Every structure is written in structure tokens, then in C-alpha cells.
Amino acid sequence: MKKKFTTAVDFLAKSGFGVENLPYGSVYTDEDTVPRLVVRLGDHAIDLGSLTSTVGGLGKKTKSAVTNQPNLDALLAAGRPVWSELRNWIRQTLTDPDHTKAVEAVATNVNDVNMAMPFTVTDYVDFYASENHASNLGRILRPDEEPLKPNWKHLPVGYHGRASTVSVSGTPVYRPKGIRPEKGTAPSFGSSRRLDIEAELGFIVGGSAPQGEVSLAQAAENHLFGVVLFNDWSARDIQAFESVPLGPNLSKSFASTISAWVVPWDALDAARVVPPVRDESLVQYLDDSSADPYGLDISVEVYIDDQHVSTVPYSTMYWTAPQMLAHMTVNGATLSPGDFFGSGTISGPEPDQCGSLIELTLGGEEPLTSRMGEKYNFLQDGQQVTLRGSAPGPMGSTIGFGECTGTIRPAT
């Protein structure tokens with residue numbers, strides 16, 4: 001006997017993008033160049049504005065946050081009660097046989113749409129939350145010193161990045177130019193010779209905190225909206241010369257790539273794990289010893305030209321997303337809808353669990369080999385980097401993140 005499909009979930013849902021996930025995105029077609037806000041079920045993008053108009057049942061504030069909206073901006077500003085109402089409504093609608101035809105009518109295969117930036121990045125901070133990554137870089141760059149600086153286990157180290165060059169997956173990455181160190185001679189200006197990847201997660205912030213000082217609990221409950229895969233490209237040679245004594249600037253501001261689908265924070269409940277044991281006591285605003293566990297069991301695979309080079313485990317990250325968000329605001333800095341922060345490169349304890357080429361090649365001393373047999377230490381023009389992520393969902397399901405892809409183009 002054939003299985004009878006009665007709801008949209010029955011015939012649209014697929015592993016990674018079932019009703020447990022429901023990530024948000026912004027899409028447009030070749031015929032209609034104005035993006036619209038959608039939610040993904042299986043391989044289909046469901047137009048939220050059209051669906052809410054057809055089905056009804058949402059409060060006025062929630063409906064206005066998705067009707068005729070090109071992206072997540074209005075929803076991010078609306079706050080947690082609206083996010084929860086909308087997510088519950090979507091799940092109820094997709095699992096209700098009475099609404100199956102309405103869902104079908106506004107569902108488009110993801111292969112037939114173009115992806116736009118899912119939200120407007122209003123501000124951006126990049127952190128350095130992996131002890132393994134920080135230690136690996138310390139050993140490579142400062143072999144005569146302790147790998148970690150004395151401050152590292154007392155606060156989430158970070159720097160203020162450039163919001164305007166955060167782009168959606170598929171956007172080309174042009175090789176950056178800058179001032180590079182040269183052995184025995186004056187520095188030179190030119191294209192980066194040591195272009196690298198940084199496999200990270202990115203966290204999207206909603207709501208606002210005009211006076212700052214967001215607590216760990218407030219960060220998780222009121223402000224963490226969703227998660228994306230994040231490649232925060234790095235020009236290691238330019239970075240090495242410009243980062244003393246302040247920090248990266250041109251070496252990091254040229255491009256950062258996010259995946260197109262925003263996985264809701266609420267979809268990751270089953271992926272939450274206890275973070276690594278704290279080696280140092282923490283000041284009060286960062287102390288998570290009695291807080292809910294906010295480590296995340298998310299696996300990110302790294303591919304270069306479709307060749308798998310690494311799988312990095314986010315569960316090993318020393319600092320959690322709520323800690324990073326609390327740290328961003330403890331000095332009174334404001335928080336606004338659309339603020340964004342990166343985790344920093346994810347690296348595990350094993351050699352094949354590194355999220356950057358500088359680690360995988362031990363500073364360029366042990367090159368990788370492509371499928372064509374060519375050796376490379378850092379990225380070459382024409383190479384394509386893809387991140388793919390997944391996390392455990394409820395009752396044995398999987399939460400998919402889609403892909404985060406960028407192809408290297410020559411400097412302009």
C-alpha cells in the first residue's frame with residue numbers, strides 16, 4: 001500500500017531540512033528581481049508573506065514582520081515573542097492537512113531561485129574562541145613563547161570587523177592587496193600570496209539593548225536569533241605585517257562569506273552540549289558554571305574544489321555564543337537588530353580537524369595536494385572553498401546548514 005501524503009511535511013521534508021529545522025532565507029527569481037522572505041522545507045523555499053496572507057492566524061505584529069518583507073530585517077527587530085509565534089505558526093501550518101494546498105501554491109524548488117543576503121549586517125565582531133586554533137597559531141607564529149597569551153582564558157578575544165563586506169554564499173572573493181613583509185628587504189605592495197580560509201559559525205542578533213550589558217541568560221533568550229556557516233577569509237601575509245601592535249585590518253576586511261540559510265537558534269536545542277572545562281575562574285558576567293550549557297555539537301566540513309580537507313567540531317570551542325555576546329556589550333556598547341558576530345576559526349585537537357590552511361599546512365611548510373596532484377600551501381586563483389554543516393536534531397533528526405561557498409578570483 002502506498003503511503004498517503006496528507007501534509008506539506010509528508011512530501012516536502014527531507015533530511016536536514018525537516019520541520020525540526022525550518023531555516024530562513026531571502027530569494028528571488030530571474031523574472032522577479034525583488035527578494036522575498038522564505039522558510040525552507042526540504043528542497044523548497046516557501047514564501048512566508050504569501051502564506052500568511054492565505055492562511056491567516058498570526059498576530060498583527062508578527063504578520064507585519066514577514067508580509068512583503070525582502071529579508072529578515074523586520075523580523076529581527078520584532079523580538080523574541082514574535083520569533084516564537086512565527087515559528088510555532090509555521091510548524092502548525094506545515095503539519096496541518098487543511099493547509100497543504102496553500103503551502104504547495106507558494107513553494108518553489110530551491111534550484112529555481114537565487115539567494116540574496118538574508119539580513120542586513122548592521123555591525124560585525126569576529127572572535128577567537130577556539131583554544132585549539134589559538135594554540136596552533138601560537139606555536140606556528142610564536143614558537144619561542146607560550147601558545148596562548150595570558151588574557152585568552154579570561155575573556156573572549158575579538159576585533160571589530162567590516163560589516164559592508166559580509167556577503168552571501170556564491171559571491172566571488174577577489175584576492176586582496178596590501179603591504180606584505182619581504183625577507184631582507186623593505187615590505188612590498190601587491191596581491192596576497194597567503195590567502196587563507198577560516199571555517200567558523202556566525203551568529204545573528206535580534207532585538208536591541210540600547211544601554212548594552214546583556215547577560216548570558218538575556219543573550220540566549222532574547223537576542224540570539226540564528227546561526228550560519230561563516231568563512232572569514234584571511235590574507236596571512238598582509239595580516240602578519242599590519243597586526244602589530246593593534247590587529248587585523250586590510251587582511252580581514254576584504255570579504256567574509258555566510259551561508260544563505262539562517263538556522264533558528266531554537267532549532268539547535270538538541271545540539272546543545274557542555275563546553276570544555278574552564279581552566280581559569282571567570283569574572284561574573286562570563287561565568288557560566290551554573291548556566292545552561294550553550295556549547296553546540298555542530299560539525300563543519302571543509303572542501304576545496306570538492307576535495308574534503310577537514311572536518312571541524314564546534315563542540316570543542318572554549319567560549320560560547322552567549323559569552324561572546326555578553327562580552328560585546330558589557331562596556332555599555334549598544335546592541336541592534338542585525339548585529340553579527342563570528343566564532344573565530346573552529347579547530348579540534350586532531351590534525352585533520354583544523355579550520356584554516358595555515359594550520360593544515362603547518363604555516364605553509366607541509367603543502368596539501370589537490371586531486372590533480374598539484375601542491376599548494378594557500379589558496380590559488382580559481383579554487384573554490386565550500387563549508388557544509390550539520391547538527392543533531394530532536395528524535396534522531398538532522399539539522400542542515402546548507403553550504404557556504406566562495407571562489408577565488410584574481411585581484412582587480
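Ile 179 counts as partly exposed, because its relative accessibility is 44%, a value that falls between the cut-offs of 20% for buried and 50% for exposed. The model described here is predicted. Ile 179 sits in strand β10, which covers residues 177-180. Together with Phe 189 and Phe 241, Ile 179 forms a nonpolar patch on the surface. The accessible area of these three residues together is about 320 Å².

**Two helices in contact**

Helix α2 (residues 48-55) and helix α5 (residues 80-94) have axes that come within 12 Å and cross at roughly 70°. Because of this angle, α2 is roughly perpendicular to α5. On the α2 side, the contact is made by Leu 48, Leu 51, Thr 52 and Val 55. On the α5 side, Trp 89, Ile 90 and Thr 93 take part.

**Salt bridges**

The count of salt bridges comes to 19. The table lists some of them, with the distance from N to O.

| Acidic residue | Basic residue | N to O distance |
|---|---|---|
| Asp 47 | Arg 36 | 3.0 Å |
| Glu 131 | Lys 153 | 2.8 Å |
| Asp 279 | Lys 153 | 2.1 Å |

Which parts of the chain does the salt bridge between Asp 47 and Arg 36 tie together? Asp 47 lies in strand β3 (residues 44-47) and Arg 36 in strand β2 (residues 36-41), so the pair ties together parts that are eleven residues apart in sequence. Both Asp 47 and Arg 36 are buried.

Lys 153 appears in two rows of the table, with Glu 131 as one partner and Asp 279 as another. Glu 131 belongs to helix α7 (131-141), while Lys 153 lies in the loop between α7 and β7 (158-160), so their salt bridge ties together parts that are 22 residues apart in sequence. Is Lys 153 buried or exposed? Lys 153 counts as buried, because its relative accessibility is 12%. Glu 131 has a relative accessible area of 25% and is therefore partly exposed.

The salt bridge between Asp 279 and Lys 153 links distant parts of the chain, 126 residues apart. Here Asp 279 is in the loop between β18 (272-273) and β19 (295-296), and Lys 153 is in the loop between α7 and β7. Asp 279 is partly exposed, because its relative accessible area is 48%.

Salt bridges that share partners also join Asp 196, Glu 198, Asp 232, Arg 236 and Lys 252 into one network.

Terms used:
Residues are numbered from 1 along each chain as its sequence is written. This is a predicted model: local features need pLDDT of at least 70, side-chain atom pairs count only at pLDDT 80 or more; totals for chains, interfaces and linings use all residues. Side-chain values use heavy atoms; hydrogens and water are left out. Patches are made of residues with over 30% relative accessible area and no salt bridge: like charges are joined within 9 Å, nonpolar side chains (Val, Leu, Ile, Met, Phe, Trp, Tyr) within 5 Å. Accessible areas come from the Shrake-Rupley method with a 1.4 Å probe; for residues, only the protein chains shown count as cover. A salt bridge is a side-chain nitrogen of Lys or Arg within 4 Å of a carboxyl oxygen of Asp or Glu. Helices (H or I, at least four residues) and strands (E, at least two) are DSSP runs, numbered from the N terminus. Buried means under 20% relative accessible area, exposed over 50%, partly exposed in between (1.4 Å probe, protein chains only). Axes are lines fitted to C-alpha atoms, for helices over the stretch in contact, and angles run from 0 to 180 degrees between N-to-C directions. Angles under 35 degrees count as roughly parallel, over 145 as roughly antiparallel, 65 to 115 as roughly perpendicular and the rest as oblique. Contact means heavy atoms within 4.5 Å.
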